[in-house]
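Biologist: I'd like a close look at a single part of this protein, going through the side chains there one by one. Could you take me through it?

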Amino acid sequence: MPKPGLTRPMTSEERRRAQRVLLRVPVRLTVAGKTQEIEGATHTVSATGALVQLSEALAQGTKITIENVTTKNKAEAHVPRPPQFSPEGALVPIEFTGPAVNFWAVFFPPILN
């Protein structure tokens with residue numbers, strides 16, 4: 001018979017594809033098809049993307065190029081879900097469209113489920 005602690009459902013944190021880290025990094029976004037850049041900063045980062053605080057919201061499905069202003073690294077990304085709103089502005093989820101190894105200059109240990 002399995003032990004009760006081993007049969008509980010996984011939490012949302014345990015289901016995540018990548019570990020999230022609270023880290024404020026200045027970023028610059030360029031929306032596909034537009035020339036004006038949007039300045040912002042990360043709220044949290046992960047190996048697969050970030051939650052970015054911006055003065056304006058971006059719609060779900062928006063394709064962007066994100067630049068880590070500190071390292072000058074750039075990566076293609078998109079907005080996978082609608083933004084959330086806070087008193088500081090829009091919290092926009094960003095997901096890399098491909099591998100972005102060391103984009104944040106942070107080591108993310110592998111998740112063991």
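With which side chain does the side chain of serine 46 make a polar contact? And once that is settled, which salt bridges does arginine 28 form?

Modeller: Keep in mind that this is a predicted model. The partner you're after is threonine 48: its side chain and that of serine 46 make a polar contact at 3.1 Å. Serine 46 sits in strand S3, and with a relative accessible area of 8% it falls under the 20% cut-off, so it counts as buried.

Strand S3 also takes us to your other question, since it covers residues 37-46 and holds glutamate 39. Side chains of opposite charge can pair when their charged atoms come close. Here, glutamate 39 meets arginine 28 in a salt bridge, 2.8 Å from N to O. Arginine 28 belongs to strand S2 (residues 26-31), so this pair ties together parts that are 11 residues apart in sequence. As for its surroundings, glutamate 39 is partly exposed, at 46% relative accessibility.

Next comes glutamate 37, which also forms a salt bridge with arginine 28; the closest N and O atoms are 3.6 Å apart. Since the limit for a salt bridge is 4 Å, that distance still qualifies. Glutamate 37 is partly exposed too, with a relative accessible area of 45%.

Then there's glutamate 67, where the closest N and O atoms of its salt bridge with arginine 28 lie 3.2 Å apart. This pair links distant parts of the chain: arginine 28 is in strand S2 and glutamate 67 in strand S5 (residues 63-68), 39 residues apart. Glutamate 67 has a relative accessible area of 9%, which means it counts as buried. Through shared partners, the salt bridges join Arg28, Glu37, Glu39 and Glu67 into one network. The salt-bridge count comes to three.

To put that in context, the protein has one helix and eight strands, and from the N terminus the order is α-β-β-β-β-β-β-β-β. Of its 113 residues, 36% count as buried. Looking at contacts between residues at least 6 apart in sequence, 53% join residues at least 24 apart. The protein exposes about 7400 Å², with carbon and sulfur atoms supplying 56% of that.

Definitions and conventions. Residues are numbered from 1 along each chain as its sequence is written. This is a predicted model: local features need pLDDT of at least 70, side-chain atom pairs count only at pLDDT 80 or more; totals for chains, interfaces and linings use all residues. Side-chain values use heavy atoms; hydrogens and water are left out. A salt bridge is a side-chain nitrogen of Lys or Arg within 4 Å of a carboxyl oxygen of Asp or Glu. Buried means under 20% relative accessible area, exposed over 50%, partly exposed in between (1.4 Å probe, protein chains only). Helices (H or I, at least four residues) and strands (E, at least two) are DSSP runs, numbered from the N terminus. Contact means heavy atoms within 4.5 Å. Accessible areas come from the Shrake-Rupley method with a 1.4 Å probe; for residues, only the protein chains shown count as cover. A polar contact is a pair of N or O atoms within 3.5 Å; within protein, one must be able to donate a hydrogen and the other to accept it, and residues adjacent in sequence count only if both atoms are side-chain atoms.
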